[in-house]
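This briefing goes with the sequence and model shown below. It takes up one strand residue, the nonpolar cores, a cavity and two backbone angles.

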Amino acid sequence: MFSFAYSNILLLLLLIPIFVALYAWARYARKRKLNKFGKKDVIRSLMPDVSPYKPPIKISIEMAALALLIIAFARPWGGVKDEKTTKEGIEVIIAVDASNSMLASATDDPDGPQRMRTAKLVLEKLINRLDNDRVGLIVYAGSSYTLIPVTNDYVSAKMFLNSIDPSQISDQGTNITSALQMATASFSENRNIGKAVILITDAEELDDREGVINAAKTAEKNGIQLDVVGVGSSTPVPLMVNGSPMIDDSTGEVVKTALNEDIAADIAKAGKGIYVNASNADALSELGKQLDTVKKSALESSVYSQHDELFPIFAWIALALLIVNILVLDRKIGWLDKFTFFKKEEKK
């Protein structure tokens, strides 16, 4: 079967008879002008090197090359064959801490970048590294919310990730237990697909430490790897809200917050995963290597039709004709003058 990807381009072939007509008119006009100067034989003797056959040959070559280029641009297909592809990957659910403490500095400097900003940068880079994997997004503070279910739409995942704002969440707290339970229930029911949860937190003011550890162990028993990314510094820094430090109403003192790496590491250990600090240069690399240990399985198979592309054939022939056209000169070929193909020699 022969078809074209862009058949509308073939309409440009209508230009060829127009160009041929213009060429014929130009040759006719030239002939009329030459006739005004005198007889044909006399004029021809004044231009001995002019060939009457070369111009038609050249225009024929040029039009043939143009036709082939138009056909090549139309992208001809010569056949169809079915090909099957299978994508292998894992399912990853990212649980992001959106408590007020994530508005604090991620460094020892109180004016440093926010923990939430640091978390978003790390996660966006991580999503960019995912290949054929599915990703879901959960936000938690005092309660947990599914922001986006597991999907391979990375663009939407990053868009929802960047929309997270702790200041817009009224139910505050650090309910990691709820986040892990929701994440465990959010995966597909296919047990053959590898699964992992990436927990982003500063692990501060946990509502139920024992419950978190049990939830991590439950996830591990269900074949889910739990990795924890700690955000912040172990040095207490003021919690800044709208550019001003938050004041504790009961004591009147500035509220300070710090990353609790011990708890974060215990959660990762219970989930048979790893703990990394987002501020480490190799954190993303270590996290990527850990995810690579999760068994990849076939997520989807698809059958699609693959066409045999023929446009290179037409393009190469057109190029060859253009090269021939350059080599064909308008004047006569001298060594052919000794041959008489179309007239008889005069008898003496």
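**Briefing: interior and backbone features**

Strand β6, which spans residues 195-201, contains Thr201. The model is a predicted one. The points below start from this residue and move on to the cores, the cavity and two loop residues.

**Thr201**
- Thr201 counts as buried because its relative accessibility is 0%, and the cut-off for buried is under 20%.
- A polar atom of the Thr201 side chain lies 2.7 Å from the backbone nitrogen of Ala203.
- Beyond its neighbours within four places in sequence, Thr201 is in contact with Asp97, Tyr140, Thr174, Ile176, Val228, Val229, Gly230, Val231 and Leu259.

**Nonpolar cores**
- In soluble globular proteins, nonpolar side chains tend to be buried together.
- The largest nonpolar core has 35 residues, and the members that touch the most others are Ile94, Val96, Ile164, Ile198 and Ile200.
- At least two residues of this core come from each of β3 (91-97), α4 (115-129), β4, α5 (154-162), β6 and α9 (283-292).
- Helix α4 gives the largest share of this core, with six residues.
- Ile164, one of the members named above, is in contact with Val96, Ala98, Met116, Lys120, Leu137, Val139 and Leu147, leaving aside neighbours within four places in sequence.
- A second core, separate from that one, has 25 residues, among them Ile93, Ala179, Ile213 and Ile263.

**Cavity**
- The structure has one cavity of 30 Å³ or more, and the largest cavity holds about 30 Å³ of space.
- Its lining is made up of Ile93, Gly136, Leu137, Ile138, Thr146, Ile148, Pro149, Val150 and Ser186.
- Two elements, β4 (134-140) and β5 (144-151), give two or more residues to this lining.
- Strand β5 supplies the largest share of the lining, four residues.
- Six of the lining residues are nonpolar, three are polar and none is charged.
- Two lining residues also appear above: Ile93 belongs to the second core, and Leu137 is in contact with Ile164.

**Positive phi angles**
- Most residues other than glycine have a negative phi.
- Arg75, which is not a glycine, has a positive phi of about 60 degrees.
- Arg75 sits in the loop between α3 (54-73) and β2 (76-89), and its relative accessible area of 29% makes it partly exposed.
- Lys272 also has a positive phi, near 55 degrees.
- The loop between α8 (261-270) and β12 (275-277) holds Lys272.
- Lys272 is exposed because its relative accessible area is 55%, and exposed means over 50%.

Conventions. Residues numbered from 1 in each chain as written. Predicted model: local features only at pLDDT ≥ 70, side-chain atom pairs only at ≥ 80, totals over all residues. Heavy atoms only, no water. 1 Å grid on protein atoms, 1.4 Å probe; cavity = no way out; pocket = protein on both sides within 12 Å on 5 of 7 lines; lining within 4 Å. Points joined across faces, edges and corners; volume = space filled by probe spheres on them. Nonpolar A, V, L, I, M, F, W, Y, C, P; charged D, E, K, R; others polar. Buried < 20%, exposed > 50% of the residue type's maximum accessible area, 1.4 Å probe, protein only. Polar contact = N/O pair within 3.5 Å; in protein donor to acceptor, adjacent residues only side chain to side chain. Contact = heavy atoms within 4.5 Å. Core = buried A, V, L, I, M, F, W, Y, C linked by side-chain atoms within 4.5 Å.
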